[in-house]
Amino acid sequence: MTQLRSLSWKFDKSLSLLRKYLRTNGISPVLSIRILRYVEYKISTKSQDVRESDVQLLTMLSDQLRMELTQETNEPILSHHPFLSHFAIVSRNAIKEVCNHATRPCSYSVGDMVFAKGEQGGNMLFL
């Protein structure tokens, strides 16, 4: 119970500090609300998600095991695209390279502009 109170206190303190930062830097109320909602959402979902960076024992893996783990994590997502699905069948080594060197997770908030009309695309996004 003490840990729960400590976490709650740290969260409240962090939110208070964020509010103060937004206020003292003259951030608009609309953007401030978006930022606060996003932070609260990320914190609430963080307890449900277990990311690789949260699992300290994974740092002990060999490079080969880490690459295989990354491939098995990313390939199901990439395989939703017909080309990449076929690519995975044709060349297991190539899809391993794509999974390990051409992917990265990213987060967006409601209202974030991911791309704009007429803008040249530099990335492929999977939602």
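Is Cys-99 buried or exposed? Cys-99 counts as buried, at 1% relative accessibility. Here are some notes to go with the model, which is a predicted one; I hope they help as you look around.

1. **Asn-74 and its partners.** A good place to start is helix H3, which spans residues 63-78 and holds Asn-74. With a relative accessible area of 18%, Asn-74 is buried, because the cut-off for that class is under 20%. Leaving aside neighbours within four places in sequence, Asn-74 is in contact with Cys-99 and Thr-103. The side chain of Thr-103 is also its partner in a polar contact, at 2.9 Å.

2. **The cysteines.** You may wonder about sulfur bonding here. A disulfide is a covalent bond between the sulfur atoms of two cysteines. Zero disulfides turn up in a search of the whole structure. Cys-99 is in none, and the nearest cysteine sulfur to it, in Cys-106, is 15 Å away. Seen from the other end, the sulfur of Cys-106 has Cys-99 as the closest cysteine, and the 15 Å between the sulfurs is too far for a bond, because a disulfide needs them within 2.5 Å. The surroundings are worth checking too: Cys-99 is buried at 1% relative accessibility, whereas Cys-106 is partly exposed, with a relative accessible area of 40%.

3. **Thr-73, next on the tour.** Thr-73 also has its place in helix H3. Its relative accessible area is 46%, so Thr-73 falls in the partly exposed class. The side chain of Thr-73 reaches back to the backbone oxygen of Leu-69, at 2.8 Å. Thr-73 and Cys-99 are 26 residues apart along the chain, and 8.4 Å separates their C-alpha atoms.

4. **Asn-100 in helix H5.** Asn-100 has its place in helix H5. A polar atom of the Asn-100 side chain lies 2.9 Å from the backbone oxygen of Lys-96. Not counting residues up to four places away in sequence, Asn-100 touches Arg-66, Met-67, Thr-70 and Gln-71.

5. **The largest pocket.** Do have a look at this one: the largest pocket holds about 1,200 Å³ of space. Its lining is made of 32 residues, and those closest to the centre are Asn-74, Ile-77, Arg-104, Pro-105 and Cys-106. Two or more lining residues come from each of helix H2 (29-46), H3 and helix H5 (92-101). Among the contributors, H3 gives the largest share, with six residues. By residue class, the lining divides into 16 nonpolar, 10 polar and six charged. The buried Asn-74, at 18% relative accessible area, and the partly exposed Cys-106, at 40%, are thus both among the residues closest to the centre of this pocket.

6. **The second largest pocket.** The volume of the second largest pocket is about 200 Å³. Its lining consists of Tyr-108, Val-114, Phe-115, Glu-119, Gln-120, Gly-121, Gly-122, Asn-123 and Leu-125. Sorted by class, these residues are four nonpolar, four polar and one charged.

7. **Phe-126 after H5.** Phe-126 sits in the segment that follows H5. At 30% relative accessibility, Phe-126 counts as partly exposed. Residues up to four places away in sequence aside, Phe-126 touches Ile-77, Leu-78, His-81 and Leu-84. One of these, Ile-77, is also among the residues closest to the centre of the largest pocket. For a sense of distance, the C-alpha atoms of Phe-126 and Arg-66 are separated by 22 Å, with their positions 60 residues apart along the chain.

8. **Glu-40 in helix H2.** A last stop is Glu-40, which lies in helix H2. Glu-40 is partly exposed, with a relative accessible area of 35%. Its contacts, not counting residues up to four places away in sequence, are Phe-11, Leu-15 and Arg-19. Of these partners, Leu-15 is 25 residues from Glu-40 in sequence and 8.7 Å away in space, C-alpha to C-alpha.

Technical notes
Residues are numbered from 1 along each chain as its sequence is written. This is a predicted model: local features need pLDDT of at least 70, side-chain atom pairs count only at pLDDT 80 or more; totals for chains, interfaces and linings use all residues. Side-chain values use heavy atoms; hydrogens and water are left out. Helices (H or I, at least four residues) and strands (E, at least two) are DSSP runs, numbered from the N terminus. Buried means under 20% relative accessible area, exposed over 50%, partly exposed in between (1.4 Å probe, protein chains only). A polar contact is a pair of N or O atoms within 3.5 Å; within protein, one must be able to donate a hydrogen and the other to accept it, and residues adjacent in sequence count only if both atoms are side-chain atoms. Contact means heavy atoms within 4.5 Å. On a 1 Å grid over the protein atoms alone, a cavity is a set of points where a 1.4 Å probe fits but cannot get out, and a pocket is an open set with protein on both sides within 12 Å along at least five of seven lines; lining residues have an atom within 4 Å of a point. Grid points are joined across faces, edges and corners, and a volume is the space filled by probe spheres set on the points. Ala, Val, Leu, Ile, Met, Phe, Trp, Tyr, Cys and Pro count as nonpolar, Asp, Glu, Lys and Arg as charged, and the others, Gly among them, as polar.
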